[in-house]
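Me: I should like to go through the terms used for this model and ask what each one rests on. Please set each value against its cut-off.

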Amino acid sequence: MKTLPEIRERVDLTPYNSLAIAASARYFARITHREQVGATLAWAAEKNLPVLIVGGGSNLVFRADIEGLVVHMALAGRHWRDISIEGATLVLGAGENWHGAVLYAARSGYRGIENLALIPGTCGGAPVQNIGAYGVELADTLVCVTALDRSSGKSVTLSAEACNFAYRDSLFKQQPERYLILDVHLRLSRNRPFQLGYGELAAYFGDTPVSKLNAEDMAEAVMAVRRRKLPDPQRLPNAGSFFKNPVVCQRVFDQLQSRFSDLVAYPLPHGQGMKLAAGWLIEQCGWKGYRNQWVGVHNSQALVLINHGGGSGTQLLALAQEIRESVQARFDVELEQEPLTQPAIN
């Protein structure tokens, strides 16, 4: 096996981002073995090329062609460790499909990530955003991450605490140029209580006792709820939620609620404030279902921006800015974009 993978030139990146934005990579390498990582980065360094790391491309907006090296992390592999009566640790290669991993765990009888079913992207991208849905975050089950520390060139193991997780945030997002994730380790359980705090999930099961449910049932419910609200990126290119749900203190929430009685929000644990529903804020500003010739806002979930065909990253970001400004003007609340904007290269 050659240490250096095939280096291709002028590669179309449309298949490598879920928004289907057209862009070209000057050079492109697909990493399938760990031994290739160091050699590929060294090759780029010798040529003084900037490097962009991509996985599933579900959290990235291209603004222009990449005049550097795009590294597609396709490290596969999944296996169990530390198996006991109560649970086990699932180790996932960075290139593994996240949704596939969720179903694999659920079908194996393990709980903990079933609420994160149908989230697009790869396992290596999951810790970057600390992906979350329906009351569950990746941080709830993550034990550690193995990564290449690009500042030292050495492989390191970072505990969940060291990953500095927060709402849609992590060490990897805070220091995007430093770490290249190789695999993730998740501690899953045989008997962890299911998270049914969201009404749509509870309603899905009706009168079925929770004791009768298993992880596959929960994953199926999450998939059904998500499919009712969110478009399939394969049919309608999108990057999922384009904005974070803004977090405000209780005082700001009270002020907003006095002005907007139907304000949608959720309390954070330990009195950390209130999480506002960004989709509701956007919808109140009249954006739900909007579209121009190229891009638009989904007609069922205003958090989702859509590439209707041939839209560029610049056009999508311009729409996002208009939405942000209108929400700021009406609610005095600032929306923060979730997907990373290229160039995120170094």
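**Surface, fold and contacts**

Reply: To begin with the surface, the chain has an accessible area of about 15900 Å², and carbon and sulfur atoms account for 47% of that area. The model is a predicted one. The chain holds nine helices and 19 strands, and its C-alpha trace spans about 60 × 55 × 35 Å along the principal axes.

Me: What makes the radius of gyration agree with that of a compact globule?

Reply: The rule is 2.2 Å times the number of residues to the power 0.38. For 346 residues a compact globule would have a radius near 20 Å, and the chain has 21 Å, so the value agrees with the rule. Buried residues make up 49% of the chain. Of the contacts between residues at least 6 apart in sequence, 62% join residues at least 24 apart.

Me: Why is helix H2 called mostly covered?

Reply: A residue is buried when its relative accessible area is under 20%. In H2, which runs over residues 98–107, seven of the ten residues are buried. They are Trp98, His99, Ala101, Val102, Leu103, Ala105 and Ala106. These buried residues pack against strands E6 (78–81), E7 (87–93) and E12, and against helices H3 (126–129) and H6.

Me: Which aromatic pairs can be examined in the same way, and why is the pair of Tyr134 and Tyr198 called edge-to-face?

Reply: The whole structure has twelve aromatic pairs. In the pair of Tyr134 and Tyr198 the ring centres are 5.7 Å apart and the planes stand at 90°. Centres must lie within 6.5 Å for a pair, and planes over 60 degrees apart count as edge-to-face. Both conditions are met, so the pair is edge-to-face.

Me: How do you know that this pair ties together parts that are apart in sequence?

Reply: Tyr134 belongs to the loop between strand E8 (132–133) and strand E9 (136–137), whereas Tyr198 belongs to the loop between strand E12 (179–189) and helix H5 (199–205). The two parts are 64 residues apart in sequence, so the pair ties them together.

Me: Is Tyr134 buried or exposed, and why is Tyr198 called partly exposed?

Reply: The cut-off for buried is under 20%, and partly exposed covers the range from there up to 50%. Tyr134 has a relative accessibility of 11%, so Tyr134 counts as buried. Tyr198 has 25%, so Tyr198 is partly exposed.

Me: Why is the pair of Tyr198 and Tyr266 called tilted?

Reply: Their ring centres are 5.8 Å apart and their planes are at 35°. Planes under 30 degrees apart would count as stacked and planes over 60 as edge-to-face. An angle of 35° meets neither condition, so the pair is tilted. This pair, too, links distant parts of the chain: Tyr198 is in the loop between E12 and H5, and Tyr266 is in strand E15 (residues 265–267), 68 residues away. With a relative accessible area of 35%, Tyr266 is partly exposed.

Me: What makes Arg78 lie over the face of Tyr104?

Reply: The CZ atom of an Arg must be within 6 Å of the ring centre and within 35 degrees of the ring normal. Arg78 is at 4.1 Å from the ring centre of Tyr104 and lies over its face. Arg190 likewise lies over the face of Tyr110, at 4.1 Å from the ring centre. Tyr104 and Tyr110 are joined with Trp80 in a cluster by ring pairs.

Me: How do you know that Glu9 and Arg26 form a salt bridge?

Reply: The cut-off is 4 Å from nitrogen to carboxyl oxygen, and the side chains of Glu9 and Arg26 meet at 2.6 Å, N to O. This bridge links strand E1 (residues 7–12), which holds Glu9, with strand E2 (residues 24–31), which holds Arg26, the two residues being 17 apart. Arg26 is partly exposed at 23%. The whole structure has ten salt bridges.

Me: Why is the contact of Glu200 with Lys229 called a salt bridge?

Reply: The closest N and O atoms of Glu200 and Lys229 are 3.6 Å apart, and a distance within 4 Å satisfies the criterion. The bridge links helix H5, with Glu200, to helix H6 (residues 215–229), with Lys229, across 29 residues. Glu200 is partly exposed at 32%, and Lys229 is partly exposed at 26%.

Methods:
Residues numbered from 1 in each chain as written. Predicted model: local features only at pLDDT ≥ 70, side-chain atom pairs only at ≥ 80, totals over all residues. Heavy atoms only, no water. Phe/Tyr/Trp six-rings, centres within 6.5 Å; stacked < 30°, edge-to-face > 60°. Helix = DSSP H or I, 4+ residues; strand = E, 2+ residues; numbered from the N terminus. Buried < 20%, exposed > 50% of the residue type's maximum accessible area, 1.4 Å probe, protein only. Contact = heavy atoms within 4.5 Å. Areas by Shrake-Rupley, 256 points an atom, 1.4 Å probe, with all protein chains shown as cover.
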